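The following exercises are to be worked through with the sequence and the coordinates at hand. Each task is followed by a solution in steps.

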Amino acid sequence: MKEESMTELERLQAAEARVLVPTYDRNPVCFERGEGVHLIDEHGARYLDLLSGIGVNALGYGHPAIEEAIREQSRKLIHISNLYFHRGQAALAERLVKLTGLDRVFFANTGTEAWEGALKFARAHAGRLRDEGKTIGTKFLAVEQSFHGRTFGSVATTHKKKYREPFEPVMPGVEFVRFNDVADLRAKFSSEICAVLVESVQGEGGIRPLSAEFAQAARSLTETTGALLVVDEIQAGVGRTGKWFGYQHLGIRPDVTTLAKPLAGGIPLGAVVCTEEVAKSIHPGMHGTTFGGGPLACAVALAVLDTMERERLLEHATEVGEYFRQQLRQLQLRHREIVDVRGLGLMVAAELHSAELARQVVKRMLARRILLNCTSETVLRFLPPLVIDRTHVDEAIAALDAVLTEETAQEGDRHGK
Ligand SMILES: Cc1ncc(COP(=O)(O)O)c(C=O)c1O
């Protein structure tokens, strides 16, 4: 096709196809700006965003608190490196310590980088225990269907082979326990293990909440050897489940937790939060980053946390999330192709009976200008901004109802009914 006769989107698609490494299979839409819970494309069409940049834009788009923090801080200082002090890190770390119930913070930039930090801290901690004469190994126990990111330690502890196999050999010494299977956890745990690794609610694995029984068994087992319990809160944390962190639903205090996605409202920021005991194993020079915990990211994160408190977004996430699941369960009565509805707070899932149907539903919802995605093949995943309200849920449910009706009719036609 000639350049002149192409739409702007077609030109973009062609340009990206020429010059980007093909890591993404993007949806055919180009966004220009956002307002509240809506994204607006290059033609001015509005889309209801029920994915919020995969759990990042918790305050939606154009929130004045974020805009103001960026404006204020960017006038003063964006980056200085970790060679010097600025005011943001201590202030934000104090908030995170209070909210997590843990003691110390290391700032990174992304989820996977926070997770790598947590793995290194666990190895360093086990090394210190060995120096003190304890028997503890270097292996990790992770959970089936887990997802912890794309760097080498992260893919090694991520369950699905497709993330690991093309890049092997990855970090050795990782074993996987069946999800929520306490007997399997007990069978695989030993003094060889330096850390048990869990997500409080598995995100990419299909929005599956960890059971309190499993979390508490992991807590008790690790306490017998000095191994760490590490909880990945990168997707579930910072308010999304209706508590600050997903593990707060489970009656445990982890040794280490990792945060990222919504922490700085779309400015990249990750964090490892750990106990005093874990932090004792780390000394200056053992770990670090150029960008992590920069002045801009910290200022925006403080504004995000303030706003979540001021606007009571955790209570709101609980209330609207419950409503969302209720409405999906009503829909399930009419559409038997929905085989399960689950989640916690505004981490919401509707599992369908087939991967093909799930793919088609996401496409058709996009055509109706509603954004969601499909994870773990058959699971429709909703991670809306925490500021959505019931009317947005109603809009999504009505569209899903229509889309499932159309799809069932088409399936019927395909089978000659
Ligand atoms: C639970 C969990 N851990 C880690 C990651 C990796 O985060 P990032 O993509 O910021 O590296 C993700 C991303 O989806 C995640 O959901």
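**Exercise 1. A residue and its core**

Which residues does V304 touch, not counting residues up to four places away in sequence?

Solution. The model is a predicted one.
Step 1. Leaving out residues up to four places away in sequence, the contacts of V304 are L59, I66, P262, L263, A264 and G265.
Step 2. V304 also appears among the residues of the largest nonpolar core that touch the most other members, together with A122, A195, A271, V272, V300 and A301. This core holds 119 residues.
Step 3. Helix α11 (residues 295-310) gives the most to this core, namely 11 residues.
Step 4. Residues of the core come from both domain 1 (3-63 + 312-414) and domain 2 (77-310), so the core lies between them.

**Exercise 2. The two domains**

Describe how domain 1 and domain 2 are placed and which elements form the side of domain 1 that touches domain 2.

Solution.
Step 1. The C-alpha centres of the two domains are 28 Å apart.
Step 2. At their contact, 26 residues of domain 1 meet 24 residues of domain 2.
Step 3. On the side of domain 1, the elements that give two or more residues are α2 (52-55), α12 (313-334), β13 (338-344), β14 (347-352) and β17 (379-382). The largest share, 5 residues, comes from α12.
Step 4. By class, this side of domain 1 has 13 nonpolar, 10 polar and 3 charged residues.

**Exercise 3. The shell around the ligand**

Which residues come nearest to the ligand, and which helix gives the largest share of the shell?

Solution.
Step 1. The shell around the ligand has 15 residues, of which G111, T112, G149, I234 and Q235 come nearest.
Step 2. Helix α5 (residues 111-131) gives the largest share, 3 residues.
Step 3. Sorted by class, the shell has 5 nonpolar, 7 polar and 3 charged residues.

**Exercise 4. Backbone features in loops**

Is V238 buried or exposed, and what is its phi value? Treat S376 and the peptide bond before P169 in turn.

Solution.
Step 1. V238 is found in the loop between β10 (228-232) and β11 (256-259). Its phi is near 60 degrees, a positive value in a residue other than glycine.
Step 2. V238 is buried, because 30 other C-beta atoms lie within 10 Å and the cut-off is 20 or more.
Step 3. S376, in the loop between β16 (373-375) and β17, has a positive phi near 50 degrees and is likewise a residue other than glycine. With 20 other C-beta atoms within 10 Å, S376 is buried.
Step 4. The peptide bond from E168 to P169 is cis, with omega near 5 degrees. P169 belongs to the loop between α7 (161-164) and β6 (174-177).

**Exercise 5. The whole chain**

How does the radius of gyration of the protein chain agree with that of a compact globule?

Solution.
Step 1. For 417 residues, a compact globule would have a radius of gyration near 22 Å; the protein chain has 22 Å, which agrees.
Step 2. The C-alpha trace spans about 70 × 55 × 45 Å along its principal axes.
Step 3. The protein chain contains 14 helices and 17 strands, and buried residues make up 47% of its 417 residues.
Step 4. Of the contacts with a separation of 6 or more, 72% are between residues 24 or more positions apart.

Definitions and conventions
Residues are numbered from 1 along each chain as its sequence is written. This is a predicted model: local features need pLDDT of at least 70, side-chain atom pairs count only at pLDDT 80 or more; totals for chains, interfaces and linings use all residues. A residue is near a molecule or strand if its C-beta atom, placed from the backbone, lies within 6 Å of it. Helices (H or I, at least four residues) and strands (E, at least two) are DSSP runs, numbered from the N terminus. Ala, Val, Leu, Ile, Met, Phe, Trp, Tyr, Cys and Pro count as nonpolar, Asp, Glu, Lys and Arg as charged, and the others, Gly among them, as polar. A nonpolar core is a set of buried Ala, Val, Leu, Ile, Met, Phe, Trp, Tyr and Cys residues joined through C-beta atoms within 7 Å. A residue is buried if 20 or more other C-beta atoms lie within 10 Å of its own, exposed if 12 or fewer, and partly exposed in between; C-beta atoms are placed from the backbone. Domain bounds come from an automatic or database domain assignment. Two residues are in contact if their C-beta atoms, placed from the backbone, lie within 7 Å. The radius of gyration is taken over C-alpha atoms; the globule rule is 2.2 Å times the number of residues to the power 0.38.
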